[in-house]
Amino acid sequence: MSKYNRLTYRDEKGKAWAKLKTTCTTEEEMKFGRRSLEILTQYEESGLSPAEVIELTKEKEKREMNELSTKNLFTKLQDRLIINLQDNEILCPKCKGLRFILVEEENYSHIDSCRDCYNGKLYICKYCGKANRTDCCDCKEAREERNNNYLQEQKENNSRAYQLAEKINYKNYNDRFILPNSDRVIDIEELAEWIGELLLNKEDVPEYLWALDNERYFFIDLKTIIYDNCGDGYEYMYEHLNIKSPLLTQAQKLINQWQDEQGESLYIFSEDHKRAVVIKDLVDEISECLN
Ligand SMILES: [Zn+2]
Ligand SMILES: [Zn+2]
């Protein structure tokens, strides 16, 4: 018994199939035979062979494909899509998840990408109910939530970095500080003032601040500038120039002098997340003075 024998024989088609089956010899004939039962029922009286039935089936399918309008094809494609949606997601009403739409104009139609969505879905904001192309709504509540998440994430990153950082007591630290969420660089006296204000306002004071990291923002190097400027000139332009000229050396010396004179104005400051300055003792001292 082959697996094809397990078909039911209850209706007319079943009977027709049983009849066809006895003459099907190859797997392909079996496959097409099953799909073409309807054709077979129409033609069985004429005594067609399975090979002829296959031919007829193929022709019929081809005809149907051609008759299928682009619009129907689109609907069919949309019906076939399986898209997993989360609770806050809906299928894009315009493209139904396909990401493409059929634009039909007079005597002319073309496929365009859907402009209502990015990925076939729309995201419903849990706060205002608006359907958006991304999970980022622009309403106040959603923005607030994102901001809080960002701050929370930053806090977690900071505390992870603090675990690994070198911890320096503020008494052993000789540089200045950057206040949290600000880019102001302050010295120890200004820090003490800031702590005092926080304590008076009964606000939280951090136990540590990051050490200050500085980096010269730019350095004027005449040779580099000349080399870059040669880029759009003729071939090997730079090689034709007298880079070893004493004039150039002299000019570079003057520029270096000027750069040194600018001091910190040429630097940018940032937090060094590898060194933490522990200010707890200082906070305790100030707290005592205030009481
Ligand atoms: Zn869409
Ligand atoms: Zn919203």
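In what order do the three strands of the open sheet stand, and in which sense do they pair? In this predicted model, the order is S1-S4-S5, and the pairing is antiparallel. Strand S1, residues 89-91, and strand S5, residues 131-132, are found at the edges of the sheet, and because each has a single partner strand, one side of each is left without a neighbour in the sheet. Strand S4, which spans residues 121-124, is joined to S5 by two bridges in the antiparallel sense. Within this pairing, Tyr123 is placed opposite Asn132, a residue of S5.

The sheet belongs to a protein that has 10 helices and 10 strands. The protein contains 291 residues, of which 11% count as buried. When contacts between residues at least 6 apart in sequence are considered, 55% of them join residues at least 24 apart.

A further antiparallel arrangement is found in strand S2 and strand S3, residues 108-113, which are joined by six bridges. One pair of bridge partners is formed by Glu104 and Ser109, the latter in S3. The two strands make up a hairpin with two residues between them, and in this hairpin Asn107 adopts a positive phi near 60°. The surroundings of S2 can be judged from its burial: the strand covers residues 100-105, and of these six residues the number buried is zero, so S2 lies largely in the open.

Among the helices, a contact can be described between helix H7, residues 188-200, and helix H10, residues 280-290, whose axes come within 10 Å and cross at roughly 60°. An angle of this value makes H7 oblique to H10, and the crossing of the two helices is right-handed. On the side of H7, the contact involves Ala192, Ile195, Gly196, Leu199 and Leu200, which meet Leu282, Val283, Ile286, Ser287 and Leu290 of H10. When the residues of this contact are sorted by character, eight are nonpolar and two are polar, while no charged residue is present.

The loop that follows H7 in the direction of strand S9, residues 208-216, holds Lys202. The phi of Lys202 is near 55°, which is a positive value in a residue other than glycine. As for its surroundings, Lys202 has 6 other C-beta atoms within 10 Å, and because a residue with 12 or fewer such neighbours counts as exposed, Lys202 is assigned to the exposed class.

A similar description can be given for Tyr236, which is located in the loop between H8 and helix H9, residues 246-262. Its phi is likewise positive, with a value near 55°, and this residue too is other than glycine. With 9 other C-beta atoms within 10 Å, Tyr236 is exposed.

The last residue to be considered is Asp228, which is part of helix H8, residues 222-230. Asp228 has 10 C-beta neighbours inside 10 Å and therefore counts as exposed. In sequence, Asp228 and Tyr238 are separated by 10 residues, and in space the distance between them is 9.0 Å, taken from C-alpha to C-alpha.

How values were computed
Residues numbered from 1 in each chain as written. Chains lettered and ligands numbered in written order. Predicted model: local features only at pLDDT ≥ 70, side-chain atom pairs only at ≥ 80, totals over all residues. Helix = DSSP H or I, 4+ residues; strand = E, 2+ residues; numbered from the N terminus. Buried ≥ 20, exposed ≤ 12 C-beta atoms within 10 Å, placed from the backbone. Contact = placed C-beta atoms within 7 Å. Pairing = 2+ DSSP bridges. Axes fitted to C-alpha atoms, helices over the stretch in contact; angles between N-to-C directions. Parallel < 35°, antiparallel > 145°, perpendicular 65-115°, else oblique. Left-handed = near helix turned anticlockwise from the far one by under 90°. Nonpolar A, V, L, I, M, F, W, Y, C, P; charged D, E, K, R; others polar.
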